[in-house]
Amino acid sequence: RDAFCGLFGCDTRFAGSLFKVTTSGVVSEVHTFTGLAGPGAGVTHGRDGWLYGSTSGGFGIYRFRPGGAVEWIVTPDNAVDYAAGFTGTSTFVEADDGRLYMGTLQGGVGGYGTVFSTTAAGDVRIHESFRSEGIYPTSTLLFRDGGLLYGNTYAGGSETVGSYFALHASRLVETIADQPTGHGNPIGDLVAAQDAFLAPTDARIMRVHNAGVTMAWQFSPVGTPAFGPEGTVYAATNGWSLDGAIVRTDPEELVHAFNGADGSRPSGLMEWNGSLYGVTREGGAFDMGTVFSLKPDGTFATLHHFNGADGKWPLAQLSLTIDGDGLVGTTTAGGNTSASADGAGTVFRVSLDGATFTTLHAFAPGEGSQPLGRLLTAHDRRFYGTTFTGGLGFGTVFAVSEDGTFETLHRFAPGEGAFPFGGLTQGPDGGLYGTTVYGGRANVGTIYRVQVAALAGSNAIDRR
């Protein structure tokens, strides 16, 4: 209040007032509010003859009779609790049970508003505490049977550290679980397990199931974990050794420790025909990253050393070609250096034994830059992906064929979403679905769909 006094001369009428007006236009003041808690909206005429209202500052409820003084049911400077709500902007509605109901814009468990009711005696009950369904979605959506697409958000939710959601065919987003505190924020793609999802965070691997979220692995993973041929979970980590390592559960044990020469800072994994495949962001012969293979018995092979011209700093999880005879992936930089010294990134293909390597495309100005998400292999024998930036500045959706033919499918514009972090998923309708980290009405991310004529009516390929 002192700050307002300095600006406005401490006018006691600043908080607002209640007034009445006659049919002939005569206006008179009924009550002057002091402090910072003024009336939030109009008043409601209760069946008991009293008029009821709320304040817009704090959680205050008052009543008065025409010609009488204002009485406080709940004083705003001695509020019930922030959990009950804050900043009421609607009027009360009296229900058949005699209670007065109202919604608030703020407050509650997640701070996103409540629905509460009260009696004249001040018996306040919270009926709904709205929780954000999450903000900043970062994962590639995972399509499962039943037509649902699943994903995660990096923040938001009831604990403000992220959530896990399902997208229905009706475009309804349903929060299926909130990330509990103390286990990091969800980042990386979900992995389908029996009756559950494995969800990597920046501190743990979580298990998302019908009963909620529980910890599956207590160490710091990088990227997406994978199931080995024996069903054990494998994951990359940068916390086990200086250059990172691949470890597995049941029990937790080291499978391979990187030494810099064979790669450094490994990322997400995939499994195919009994072997694990992945990339390292750094290390190798040119310290620009590698592609590697690893068998459960620890047999390790470096399939490719990036040299800058063919890409550098790979990050995204690898994907299989449609025939299963090779791997495709992206690098976040390298390739075409006409726009920047580091390059905008590449799309590459490498054989399973590393004998052949091909740069399918090097991103040029206007096509996008920094592809971060996993490529989608589709039935039209093209690979679909996203770039985090470039295009109009907010990222793109692209397609690359097996012979290197490139097409920019969409350049994100303001209002559509910005900076797609994850890759694409083909839905049951043939459309390509993805998420952006920012943009949309609240600038906290969007879920989008891109229709490609060649994929209309086709079934998705999902080898995750």
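Modeller: Let's start with a definition: a residue is buried under 20% relative accessible area, exposed over 50% and partly exposed in between, with a 1.4 Å probe and protein chains only. The model is predicted, so local features need pLDDT of at least 70 and side-chain atom pairs pLDDT 80 or more, while totals for chains, interfaces and linings use all residues. Residues are numbered from 1 along each chain as its sequence is written, and side-chain values use heavy atoms, leaving out hydrogens and water.

Biologist: Happy with that. What makes the side chains along E40 alternate?

Modeller: In a regular strand, side chains alternate between the two faces of the sheet. Along E40, Thr446, Tyr448 and Val450 point to one face and are buried. Ile447 and Arg449 point to the other face and are not buried.

Biologist: And what makes E40 a strand?

Modeller: Strands (E, at least two residues) and helices (H or I, at least four) are DSSP runs, numbered from the N terminus. By that count the protein chain has 1 helix and 40 strands.

Biologist: How do you know that E39 and E40 pair?

Modeller: Two strands pair if DSSP finds at least two bridges between them. E39 and E40 have 5 bridges, in the antiparallel sense, and one of the partnerships sets Thr436 opposite Thr446 in E40. E38 and strand E39 (residues 432-436) have 2 bridges, also antiparallel, so that pair meets the minimum of two. There, Thr425 has Tyr433 in E39 as its bridge partner.

Biologist: Why are E38 and E40 called edge strands?

Modeller: Strand E38 (425-426) and strand E40 (446-450) each pair on one side only. They belong to an open sheet of 3 strands in the order E38-E39-E40, with antiparallel pairing. As background, strands of a sheet pair through backbone hydrogen bonds, either parallel or antiparallel.

Biologist: What makes E19 and E20 a hairpin?

Modeller: Strand E19 (residues 205-209) and strand E20 (residues 212-217) run antiparallel, joined by 5 bridges, and there are 2 residues between them. Val208 stands opposite Val213 in E20.

Biologist: Moving on from E20, why is Ser220 called partly exposed?

Modeller: Its relative accessible area is 36%, so Ser220 falls between the limits for buried and exposed. Ser220 sits in the loop between E20 and E21.

Biologist: Which residues does Ser220 contact?

Modeller: Contact means heavy atoms within 4.5 Å. Beyond its neighbours within four places in sequence, Ser220 contacts Asp202, Ala203, Ala236, Thr237 and Asn238. Trp240 is 20 residues from Ser220 in sequence, with 8.9 Å between their C-alpha atoms.

Biologist: Why is Ser369 called buried?

Modeller: Ser369 has 17% relative accessibility, so it is under the limit for buried. Its place is the loop between strand E33 (357-362) and strand E34 (376-377). Not counting residues up to four places away, Ser369 touches Ala344, Thr387, Phe388, Thr389 and Gly390. Ala333 is 36 residues away from Ser369 in sequence and 7.7 Å away in space, C-alpha to C-alpha.

Biologist: What makes the phi of Asp195 worth a look?

Modeller: Most residues other than glycine have a negative phi. Asp195 has a positive phi of about 60 degrees. This residue lies in the loop between strand E17 (191-193) and strand E18 (196-200). At 64% relative accessible area, Asp195 passes the limit and so is exposed.

Biologist: What about Asn273, then?

Modeller: Asn273 has a positive phi too, near 50 degrees. This residue lies in the loop between E25 and strand E26 (275-282), and its 63% relative accessibility makes it exposed.

Biologist: Why is the second largest pocket called a pocket?

Modeller: A pocket is an open set of points, on a 1 Å grid over the protein atoms alone, where a 1.4 Å probe fits, with protein on both sides within 12 Å along at least five of seven lines; lining residues have an atom within 4 Å of a point. This one is lined by 29 residues, and Ile187, Val222, Gly223, Ser267 and Leu315 lie nearest its centre. Strand E21 (221-227) and strand E25 (264-272) each give two or more residues to the lining.

Biologist: And for the chain as a whole, how much is buried?

Modeller: Of its 464 residues, 51% count as buried. Among contacts between residues at least 6 apart in sequence, 38% join residues at least 24 apart.
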